[in-house]
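Subject: Structure handover

Hi,

Here is the structure I promised you. Please open it and keep it beside this email as you read.

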Amino acid sequence: MLPLADAAQMKELDRLAIQERGVPSLELMENAARAVAEAVWEVLHPEENGIIGRSTSFCVLRTGDGDPTDEEQRQMDELREIVESKNIDSTPRVAVFCGPGNNGGDGVAAARLLREMGPCHVRAFFVGDRARMTPDEWAMEEKLVAAGGRLEDFSIDMTSRETLEATMDYQQQKILMWLSTCDCMVDALFGIGLTRPVEGAFRTAVMQMQGGHCPVVACDIPSGVHAGTGEILGEAVQAKVTVTFTRGKPGLYLGEGAGRAGEVRVVDIGIPGDLEYQLFRDVPRLEVVHQPDFQLPRRPRNAHKGDFGKIFILAGAEGYTGAPVLAARAALRTGVGLVYLAVPRDIYPIIAVKCDEAMPFPLPEDYAAILEKARACDVALLGPGLGRDPETAALVLRLLSGLNIPVVLDADGINALVGHIDELDKRQAPTVLTPHEGEFARLTGCPLPVRDRLSAARAFAQEHGCVLVLKGHGTVTAAPDGSAFINATGNPGMAKGGSGDVLAGMLAALLAQKHLRTQRDNIQELTAQAVCLHGLAGDACARRMGEYAMLPTDLVEALPEVLRQWSEI
């Protein structure tokens, strides 16, 4: 697991390092810039392919009709020369966009370091108001000039095509033409402090870095991405690599921001480790999960099926016979000892034919018999494919109240809580909810889309004393103590009906196994591990059959491969 920090926490950590520990701010900036420059160099010189190649189309803007004047012809010839010179001189060209802040200072320093690293044509462009430059950025500009470079002003506003053609002068055309020939660009415009939409020349710079004609290395976070939520603020850079400093940022792993970050590299820039520990010691955990942080322990040689837990699953309805089977199979593939599958009587014959290892039974009419069966188990999973019949919803609420074992609420089990959230609040045993955004919106009344998924999940888990798994790109697992985990595994091929049923079964299975759930305190960690393993199974399927063709049943079949990799031998 990789620890994360929001913008306010990082600002305070920088302040403590500089003001209270005496770490020179220029030293931190230099370290950050070196990591960025090294990432650019790796992009420019991949071991297997040499310098990155591409094909790009160009156009020369000219006002007026008819034949060009002599001056216009001269300018077009010069613009053409910028392009054609690439055929003669293969030295990489790098553009560094720098904003008026310390993130921009990182970019200015990176431009100088790139010039020193070897053959490379580097141009640094300043975007914004020079009066807002920080002292450290000024200092880095002086070092760049001393090294033979310069920080050029970039003020092109491409708000619209009409505005561009009417206002752009010849020098600006030359800049855009040179940018179109670049082999790599560096995004050092904003960093993690941006909270409003990108506008004006900043927007033009961002658009230059999102066209896809050359790779981009972003400093700390791609410009236009909200560091805390992953929201796109109007326009955002599409990075190939994001070099982020000290700790990862939530926006690099959530929503659309995760799609803009590319490969994320977290680098140490020299902030003392004990200072970081001191600041985050009493703060709820916030981590991103790329892989399980534990190995499944070896099973005792003399174990029997009861030692590995029993699950009660209430699931299924007419037209929804796949969900209970997927959940049950996933639970068994994840190692649980016994699965009792309670389904409505009218679909029992279908389920019975589909199930070999799980033990389905028709739902008794007597509630006491249902409760007795569920109480004999270690975990209850309520909801996959259950439907929204009022009587079924009432049964979910009665079981939620009557059971003192961990309960996983999925799909229509969650919908049964709408208007009855007090039943969740009254529970003493652990409860895990696994809604997608639509179910979460119905439950809470919040509008769609959920713009700050991390904060929303944390607030709900704390208020209602449960573990919440808010599914989506960068699934968030939030716990009652304020801790949260963002999942970084999985792929779009998992966006098919039934994938959530597989996750619910896996989650119930991990919670049911006593040798894994050693204490109540690790419920949230086991939940986050289940989400991670579910994503890894999806990634294994995507590698084998592609994202289009993979099915939820394939996720279940991929579990042996994934679990064996993370099991003690």
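Is arginine 285 buried, exposed or partly exposed? Arginine 285 is partly exposed, because its relative accessible area is 32%, and buried would need under 20%. One caution before the rest: this is a predicted model.

Salt bridges

Arginine 285 sits in the loop between helix 10 (273-280) and strand 9 (286-289). Its side chain meets that of glutamate 525 in a salt bridge, at 2.8 Å from N to O. Glutamate 525 belongs to helix 20 (residues 523-545). The two residues are 240 apart, and the pair links distant parts of the chain.

Arginine 285 also forms a salt bridge with glutamate 287, at 3.0 Å from N to O. Glutamate 287 counts as buried, because its relative accessibility is 14%.

Now look at glutamate 30 and lysine 143. Their side chains meet in a salt bridge of 3.7 Å, N to O. Glutamate 30 is in helix 2 (residues 25-44), and lysine 143 is in helix 5 (residues 135-146). They are 113 residues apart, so this pair too links distant parts of the chain. Glutamate 30 is buried at 14% relative accessibility. Lysine 143 is partly exposed at 40%.

This pair has company. Glu30, Arg34, Arg112, Glu116 and Lys143 are linked in a network of salt bridges. Across the whole structure, the search finds 27 salt bridges.

The sheet

Next, find the open sheet. It has 7 strands, in the order 4-3-2-5-6-7-8, with parallel pairing. Which strands stand at the edges? They are strand 4 (151-153) and strand 8 (263-267). Each has a single partner strand, so one side of each has no neighbour in the sheet. From one strand to the next, the twist averages 25 degrees.

Strand 3 (residues 121-126) runs parallel to strand 4, and 3 bridges join them. Phenylalanine 126 stands opposite aspartate 153 in strand 4.

Helices on the sheet

Helix 2 packs on the sheet. It touches strand 2 (93-98), strand 5 (184-188), strand 6 (216-219), strand 7 (241-245) and strand 8. The direction of helix 2 makes about 165 degrees with that of strand 7. Glutamate 30, from the network above, is in this helix.

Helix 4 (residues 102-117) lies across strands including strand 2, strand 3 and strand 4. Helix 4 runs at about 160 degrees to strand 2.

Best wishes

How values were computed
Residues numbered from 1 in each chain as written. Predicted model: local features only at pLDDT ≥ 70, side-chain atom pairs only at ≥ 80, totals over all residues. Heavy atoms only, no water. Salt bridge = Lys/Arg side-chain N within 4 Å of Asp/Glu carboxyl O. Helix = DSSP H or I, 4+ residues; strand = E, 2+ residues; numbered from the N terminus. Buried < 20%, exposed > 50% of the residue type's maximum accessible area, 1.4 Å probe, protein only. Pairing = 2+ DSSP bridges. Axes fitted to C-alpha atoms, helices over the stretch in contact; angles between N-to-C directions. Contact = heavy atoms within 4.5 Å.
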